[in-house]
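Good morning, everyone, and thank you for coming. Please have a look at the structure on the screen, and then I will walk you through a few parts of it.

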Amino acid sequence: MSDQLSDQVAVVTGGASGIGRAIARIFAENGADVVVADVRDTPREGGTPTHELIEDETDNRAAFVECDVSDTDDLEATVATADEFGGVTVWVNNAGIFRTEEFFDVTPEEYDQLLNVNVKGAFFGAQYAAEAMVERCGGSIINVSSVAGILGNGGYVSYCTSKGALRLLTYALAHRLGPDGVRVNAIHPGGVETAMLGDAHLDDQARDAFVQAIPSRRMGEPNDIADAALFLASDRSSYVNGESLLVDGGYTNTG
Ligand code: NAI
């Protein structure tokens, strides 16, 4: 453990479960106070709520805010909670939903539901976060995209649309906010062992084929993504801006 995030206040959306939970925990272990912003406080995979775990296991403060990222009032309440810790300096747009679908059957309501969480939530999350960061002379925004933001898949077109949008949101915001001292980067995880991977309903054969297509020959773990987020949140990446970092065991760039 280190103090590389000491004096930092981090907001992790979707931090109750999976990847967001691992990010929230590693940030706290490295010195940050953390606000978990999620529609639920118990992890999808089960266990102690993230904010309680952080308070139990570290010397840092943690809070939970019931926040639907597609609701700007909830985002405002999240920023206000971070203000109580001194003001947000790191914001991770991690909340997301995944669905497999038949493209021809997708309704406008289903489209809106997914895009509102995955894209609108990140867009306005970044807007609220950046407003607070610019006032305090800087910060780091991290968007959790996906390999599906780079590779198209006909089995989940809405999801690919949303994750591709996050990639360009990252580049555009790095351009807009860099002069104000705010860095904006994206992480593109490959398959990661979380409840969301279960939402993909892979049978054993499909899962095995997926792993065989990954040069590292394993699925990712939430901590693989959290380590990358720690790098992008910390000063170790102070000249990394507008980058989209694949964390996928080599899946996307090979084969
Ligand atoms: P997960 O389903 O395990 O956890 C997602 C968390 O987001 C949950 O706690 C959920 O309550 C929360 N959430 C959902 N809708 C929300 C909303 N409207 N407002 C606030 N919180 C909300 O998912 P996982 O795997 O941890 O995914 C985290 C991020 O990583 C997502 O953006 C996902 O698209 C992305 N990702 C995941 C991959 C995987 O294989 N697990 C691969 C690539 C990207």
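Let me begin with strand 4, where Val-90 and Val-92 point one way while Trp-91 and Asn-93 point the other way, and all of them are buried. By buried I mean under 20% relative accessible area, whereas exposed means over 50% and partly exposed lies in between, with a 1.4 Å probe and protein chains only. Strands and helices here are DSSP runs numbered from the N terminus, with E and at least two residues for a strand, and H or I and at least four residues for a helix.

Before I go further, I should say that this is a predicted model, in which local features need pLDDT of at least 70 and side-chain atom pairs count only at pLDDT 80 or more, while totals for chains, interfaces and linings use all residues. Residues are numbered from 1 along each chain as its sequence is written, and side-chain values use heavy atoms, with hydrogens and water left out.

The pattern in that strand has a general background, which is that side chains in a regular strand alternate between the two faces of the sheet.

Now for the neighbours of strand 4, where two strands count as paired if DSSP finds at least two bridges between them. Strand 1, residues 9-13, runs parallel to strand 4 and is joined to it by three bridges, and in this pairing Val-12 has Val-92 as its bridge partner. Strand 5 also runs parallel to strand 4, this time with four bridges; here Val-90 is partnered by Ser-140, and Trp-91 by Ile-141. Between strand 4 and strand 5 the chain passes through helix 4, making a right-handed β-α-β crossover, a term that applies if, with the strands pointing away from the viewer, the path from the first strand over the helix to the second runs clockwise.

How many of the six residues of strand 5 are buried? Six of the six residues in strand 5, which spans 139-144, are buried, so this strand is largely enclosed by the rest of the structure. On one side we have Gly-139, Ile-141 and Asn-143, and on the other Ser-140, Ile-142 and Val-144, so to speak a cover on both faces. Take Ser-140 in particular, which counts as buried because its relative accessibility is 2%. Its side chain reaches the backbone oxygen of Leu-232 at 2.9 Å, which fits the definition of a polar contact as a pair of N or O atoms within 3.5 Å, where within protein one must be able to donate a hydrogen and the other to accept it, and residues adjacent in sequence count only if both atoms are side-chain atoms.Strand 5 pairs with strand 6, residues 182-189, as well, in the parallel sense and over six bridges, and within this pairing Asn-143 stands opposite Ala-186. Together with helix 5, these two strands make a right-handed β-α-β unit.

Let me turn to empty space. Rolling a probe the size of a water molecule over the atoms shows where such space is left. On a 1 Å grid over the protein atoms alone, a cavity is a set of points where a 1.4 Å probe fits but cannot get out, while a pocket is an open set with protein on both sides within 12 Å along at least five of seven lines, and lining residues have an atom within 4 Å of a point. Grid points are joined across faces, edges and corners, and a volume is the space filled by probe spheres set on the points.

The search of the whole structure finds one cavity of 30 Å³ or more, and the largest cavity holds about 50 Å³ of space. Its lining includes Asn-93 and Val-144, and the elements that give two or more residues to it are helix 4 (108-135) and helix 5 (157-177). Helix 4 gives the most, with four residues. By class, the lining of this cavity has six nonpolar, five polar and one charged residues, where Ala, Val, Leu, Ile, Met, Phe, Trp, Tyr, Cys and Pro count as nonpolar, Asp, Glu, Lys and Arg as charged, and the others, Gly among them, as polar.

What volume lies in the largest pocket? The largest pocket holds about 1200 Å³ of space, and of the 47 residues that line it, the closest to its centre are Ile-97, Phe-98, Tyr-159, Met-196 and Leu-197. Elements that each supply at least two residues of this lining include helix 4 and helix 5, but the largest share, four residues, comes from helix 6. By class, the pocket lining has 25 nonpolar, 15 polar and seven charged residues.

I will finish with two single residues. Asn-116, in helix 4, counts as partly exposed because its relative accessibility is 32%. Ser-244, in strand 7, is buried, with a relative accessible area of 12%, and its C-alpha atom is separated by 9.5 Å from that of Leu-168, which is 76 residues apart from Ser-244 along the chain.
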